[in-house]
Each structure stands twice: as structure tokens, then as C-alpha cells.
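Let's take a walk through this fold, piece by piece. Have the viewer open and ready to rotate.

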Amino acid sequence: MTLPNGPKTPWMLRVFKLIFHPLEYMEDNARQYGDIFKVGGEKSPPFVYISNPQAIKEIFSADPDLFESGRGNAILRYFLGDNSLVLLDGAKHQRQRRLLMPPFYSDRIRDYSQLICDITKEVTGRWQVGNPFTVRLFMQEITLRVILQAVFGLDEGERFQQLRYLLSKLMDMFNSPVSSTLLFFPSLRQDWGEMSPWGRFLRLRDRIKQLIYDEIRERREVGDLSRNDILTLLLSARDETGDSMTDDELHDELMTLLVAGHETTASALTWALYWIHHLPDVQEKLRYELESLGDNPAPTDIAQLPYLTAICQETMRIYPVAPSTFVRVLKAPMELMGYHFETGTSLLPSIYLIHHREDLYPEPKSFKPERFLQRQYSAYEYLPFGGGNRRCIGSGLAMLEMKLVLATIVSQFQMALTNNRPVKPIRRGLTIAPPPNLQMVVKSE
Ligand code: HEM
């Protein structure tokens with residue numbers, strides 16, 4: 001057998017489904033064609049969706065030089081710039097990854113714990129009993145402030161205020177399936193000035209770019225290497241040949257961290273608050289666990305709580321923010337699970353489909369944190385952060401942030417959803433998120 005089966009849907013309908021009903025689209029095909037199915041392939045090499053743990057293991061453990069991912073992420077060039085880690089492959093990717101990883105090691109991210117708790121208290125301090133609020137706005141403010149502080153050591157001043165405002169505005173441009181179509185149809189990406197969506201996007205992006213370049217220039221001039229933010233580390237980083245990063249490289253990596261580092265975590269946090277308040281039983285168990293730590297618990301103790309950890313894991317299982325990993329485009333033919341894939345085939349490990357396998361996750365549509373207390377899942381069965389040589393570099397920071405923000409909020413407030421009906425995920429740019437207008441209200445403090 002050379003190629004797996006798959007739908008014969010016309011291209012236009014396929015893209016429409018992918019934009020407006022991405023999860024149903026993947027599920028319908030998996031039901032019909034199994035855990036490896038192909039899409040397209042008539043005129044160009046196919047996309048192959050994979051939700052088989054053994055196949056995913058083989059992809060994640062294969063020689064990284066067999067794949068290109070940067071090419072598949074080309075759309076992100078407009079947001080991040082050509083030198084972004086997510087657009088690079090091969091030796092360049094490895095080099096940049098080595099430069100970027102150290103600030104995300106666990107002993108370094110522990111330093112952010114107090115900051116995360118303080119920012120959460122400050123932002124949620126604006127909530128008033130009885131006044132409904134839009135959950136995402138607040139989660140986004142928290143995660144954006146945390147990442148700006150981590151990246152620039154910046155939490156006040158004109159440049160910081162502007163960056164915060166403009167970055168939120170930029171990401172909110174793609175907060176619905178309709179506005180996300182811009183990312184899928186190159187013909188819609190026309191710069192007709194401020195009045196056109198793409199023109200607005202480019203102008204916003206350029207304003208952000210300027211602010212980041214200004215900050216880099218100023219930092220180079222001042223030359224203070226005693227600060228412990230990521231920009232300072234990158235300014236002094238050298239690769240094995242002794243070269244430092246150029247301004248363009250610095251800009252693109254900083255922008256990558258700012259964008260990748262706050263949107264995703266804000267979506268995951270919004271989901272977690274939804275589940276905790278949608279399911280009274282979950283909330284009760286979480287409160288019981290948090291109370292066991294007494295008043296003013298240490299962040300390190302919070303981060304180790306098993307049920308809180310399981311809530312975060314289950315939140316990213318049931319609706320993973322990234323429905324698939326980055327694509328892996330084959331640079332040479334590959335044999336996989338009895339199939340033969342030609343050069344140019346795009347392999348797409350489907351995080352959503354694997355997280356909904358009945359044999360791994362019984363009753364996959366139910367939110368059950370307990371499953372993570374009862375069973376240890378492998379890196380090929382549970383992969384909200386992808387895997388292999390492209391595994392998310394911010395996973396540790398994201399998990400820590402989720403736990404500390406949730407613990408801070410749940411310990412301080414009694415809250416409710418303004419409407420307790422079940423909520424469905426919707427597309428937000430390239431990710432899947434809770435509806436942007438999900439509202440909650442504080443009942444008491
Ligand atoms: C809940 C939060 C997050 C989720 C669900 C998430 C998910 C992912 C996924 C699925 C990938 C692709 C991995 C692959 O293709 O195998 C990825 C890559 C990446 N993520 Fe995250 N991420 C999150 C938070 C963060 C944070 C906080 C940062 C940085 C501060 C970050 C930075 C990155 C970068 C730089 C990459 C590219 C890695 C590479 O190409 O080598 N992410 N993330």
C-alpha cells in the first residue's frame with residue numbers, strides 16, 4: 001500500500017471546513033478513514049493527518065533533517081519575520097534554538113513565579129462583585145504582561161504600554177473564523193491602506209516592529225548586562241563560532257516569543273476557568289486541594305499540586321490550543337506504518353485527534369482531570385506542546401503560569417459563568433480558542 005485513503009472533497013470546500021469547522025473536519029475524516037488519512041495530493045504532494053501513537057513516535061524520533069517545518073509555517077513570516085525560530089530549519093534552526101532555550105529551563109522560569117502571582121492579583125484586582133467581565137481580555141493581559149516582563153524586563157513606561165496595546169490589537173484581528181480567512185487565502189492579503197484588513201495588519205505590525213527595534217538599539221547603547229531578562233541574555237549570547245545575533249534576528253525572535261508566549265497561554269487559561277466553573281465537582285476538588293496548602297502558599301508548592309496539574313493537562317487535552325503540530329514536510333521519501341510517502345508530503349501529527357482517541361482517553365468528550373492521576377501518558381499519546389526537535393520551548397513556562405494564575409484566582413474569588421451552557425471552541429487565527437466573549441462574574445471575594 002503506498003498511500004492512505006482520504007476524502008476527495010474539492011479544495012475550496014476543504015479549506016472552508018478547515019477554517020470554520022476544523023475539529024469536526026478532522027474527526028469526520030478520522031472516523032471514515034482511520035488514524036492516518038490523506039488530504040489533497042491531486043496536483044501537489046498530499047497532507048497526511050496522523051493520530052496513531054506509533055507513527056507519531058517514529059516522526060518525533062526520526063532524524064530532524066528528514067523534515068522541513070519552516071516552509072509550512074510561511075504565513076507566520078508576516079507576523080514574526082524571516083529569522084523566526086518557527087520559520088527556520090536544519091542547522092540554523094538548531095543554532096537559534098540553542099540560543100533561545102536557556103531562559104526557559106526550569107530553574108530559570110521559577111524566577112518568574114512571584115511575578116506571575118503579583119501580575120494576576122493586580123489585573124484581577126479590577127474585578128468587581130456582580131459586574132460581568134470578558135474572561136479572555138483579562139487572561140490576555142496577564143499573559144502578555146508576564147511575557148513582556150520575561151522578554152524585556154519591562155512592566156511600565158510609554159514603550160511598554162504601547163507594545164501591550166498594539167500586540168493585543170494585532171492578535172485580536174484574527175479572533176474569529178471570518179477574520180482568520182486572511183491567513184488562508186493569499187489573494188485576500190492586499191495592502192489597500194488603512195481601510196483594508198491586510199493594510200491595517202501591516203501597519204500595526206510595523207509600529208510594533210519599530211518599538212522593538214528602538215528597545216534593542218537602546219539596550220545596545222546602554223550595554224547593561226546585569227539585567228536578567230531574555231533580551232539581555234540574547235544580546236550577550238554567542239554561537240559556537242563566536243557570532244552574536246543581529247538586530248533583525250533579535251527582533252524576529254523577540255516577536256516570536258511575544259506572540260507564541262501569550263496568545264496560547266491566554267486561551268488555555270480561559271478554557272481552564274470555564275471548566276472549573278462549568279463543573280462544580282471539579283471546582284470543589286480544586287478548592288479542597290488549594291486549602292490543604294494553608295494561607296500564602298509558596299509558588300513551588302502550588303506548582304506541585306496533583307489535581308491542579310491534572311486540570312491543566314485535561315484542559316489542553318480536550319481542546320488543545322494548537323489542533324496539530326507544525327507540519328513536517330518530507331525532504332526525502334519515508335516509510336511509515338506500511339505506507340510510502342514521497343518527498344514533499346506534509347505529515348501533520350493531529351494533537352486534537354490523538355487526544356480524542358477512545359482507547360487512550362475513555363469518554364474523550366468528557367472533562368475528567370482524574371485520568372491524568374490514574375495513568376501516565378507517553379509523549380506520543382499526550383502532546384499539547386508538540387514534540388521532537390520542534391517541541392514548544394515555552395511549555396514549562398506555560399504550565400507554571402497556568403497553575404499559578406488559576407490558584408491565585410480560585411483562592412481569592414468565588415465566581416460563576418454568566419451563562420452555564422456548554423461552550424464550543426472556535427478558530428482564532430491558526431489556533432483553536434474559547435469564544436472571545438465568554439463572560440464570568442465575581443459572586444464574592
Ligand atoms: C499553553 C500554551 C502553549 C501551547 C499550547 C503551545 C503549543 C506549541 C506547539 C504545539 C508548538 C509546535 C510544536 C511542534 O510542531 O512539535 C509550539 C512551538 C513553539 N512554542 Fe509554544 N505553546 C505554548 C506556549 C508557549 C510559550 C509560553 C512560549 C514562549 C515564551 C512558546 C514558544 C514556542 C516556540 C518558540 C515554538 C517553536 C519551536 C521550534 O520551532 O523549534 N510557546 N508551541
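What follows goes from the sheets to the helix pairs and ends at the metal. Keep in mind that this is a predicted model.

Start with the five-stranded sheet. It is open, with mixed pairing, and its strands come in the order E1-E2-E8-E5-E3. Strand E1 (36–39) and strand E3 (67–68) sit at the edges with a single partner strand each, so one side of each has no neighbour in the sheet.

Now step across from the E1 edge. E1 runs antiparallel to E2, and four bridges join the two. If you want a landmark there, find Ile36, which stands opposite Ile50 in E2. The next pairing, E2 with E8, also goes over four bridges, but in the parallel sense. Here Phe47 has Ser346 of E8 as its bridge partner. Over at the other edge, E3 and strand E5 (residues 328–330) pair in the antiparallel sense over two bridges, and Glu68 is matched with Val329 in E5. While you are looking at strands, recall that side chains in a regular strand alternate between the two faces of the sheet.

Two helices lie across this sheet. Helix H2 (residues 22–33) lies across E1 and strand E2 (47–50), running at about 120° to E1. Helix H3 (residues 53–61) lies across E1, E2, E3, E5 and strand E8 (346–349), and its direction is about 120° to that of E8.

Next comes the three-stranded sheet. This one is open too, with the order E4-E12-E9 and antiparallel pairing. Its edge strands are strand E4 (133–134) and strand E9 (414–417), each of which pairs on one side only. Between E9 and strand E12 (residues 439–444) there are four bridges, and the two strands run antiparallel. Met415 is the residue to pick out, since you will find it opposite Val442 in E12. Helix H14 packs on this sheet, touching E9 and E12, and its direction makes about 95° with that of E9.

H14 also leads us to the helix pairs. The axes of helix H14 (residues 263–278) and helix H20 (residues 395–412) come within 10 Å and cross at roughly 40°. Why call this pair oblique rather than roughly parallel? Angles under 35 degrees would count as roughly parallel, and the H14–H20 angle is roughly 40°, so the two helices are oblique to each other. The crossing of H14 and H20 is right-handed. On the H14 side, the contact is made by Thr265, Ala268, Leu269, Ala272, Leu273 and Ile276, while H20 brings Ala398, Glu401, Met402, Val405, Leu406, Ile409 and Val410. Sorted by class, that contact has 11 nonpolar residues, one polar and one charged.

A second pair is H8 with H9. Here the axes of helix H8 (residues 135–152) and helix H9 (residues 158–172) come within 11 Å and cross at roughly 125°, which makes H8 oblique to H9. This crossing is right-handed. From H8, the residues involved are Gln140, Glu141, Leu144, Arg145, Leu148 and Phe152, and they meet Phe160, Leu163, Arg164, Leu167, Ser168, Met171 and Asp172 in H9. The H8–H9 contact divides into seven nonpolar, two polar and four charged residues.

The third pair is H11 with H13. Helix H11 (residues 197–222) and helix H13 (residues 247–260) pack at an angle of about 120°, with their axes 10 Å apart. They are therefore oblique to each other, and their crossing is right-handed. H11 puts Ile208, Lys209, Ile212, Tyr213, Ile216 and Arg220 into the contact, and H13 answers with Asp247, Asp248, Leu250, His251, Leu254, Met255 and Leu258. By class, the H11–H13 contact has eight nonpolar residues, one polar and four charged.

Finally, go to the metal. Which protein residue is the donor of the ligand's iron atom? It is Cys392, through SG at 2.3 Å, and this is the only protein donor of that iron. To find Cys392 along the chain, look in the loop between helix H19 (371–374) and H20. From there you can move on to H20, the helix whose axis comes within 10 Å of that of H14, and from H14 to strands E9 and E12, which H14 touches.

Terms used
Residues numbered from 1 in each chain as written. Predicted model: local features only at pLDDT ≥ 70, side-chain atom pairs only at ≥ 80, totals over all residues. Heavy atoms only, no water. Axes fitted to C-alpha atoms, helices over the stretch in contact; angles between N-to-C directions. Parallel < 35°, antiparallel > 145°, perpendicular 65-115°, else oblique. Left-handed = near helix turned anticlockwise from the far one by under 90°. Contact = heavy atoms within 4.5 Å. Nonpolar A, V, L, I, M, F, W, Y, C, P; charged D, E, K, R; others polar. Donors = N, O, S within 2.8 Å, 3.2 Å for Na, K, Ca; no water. Pairing = 2+ DSSP bridges.
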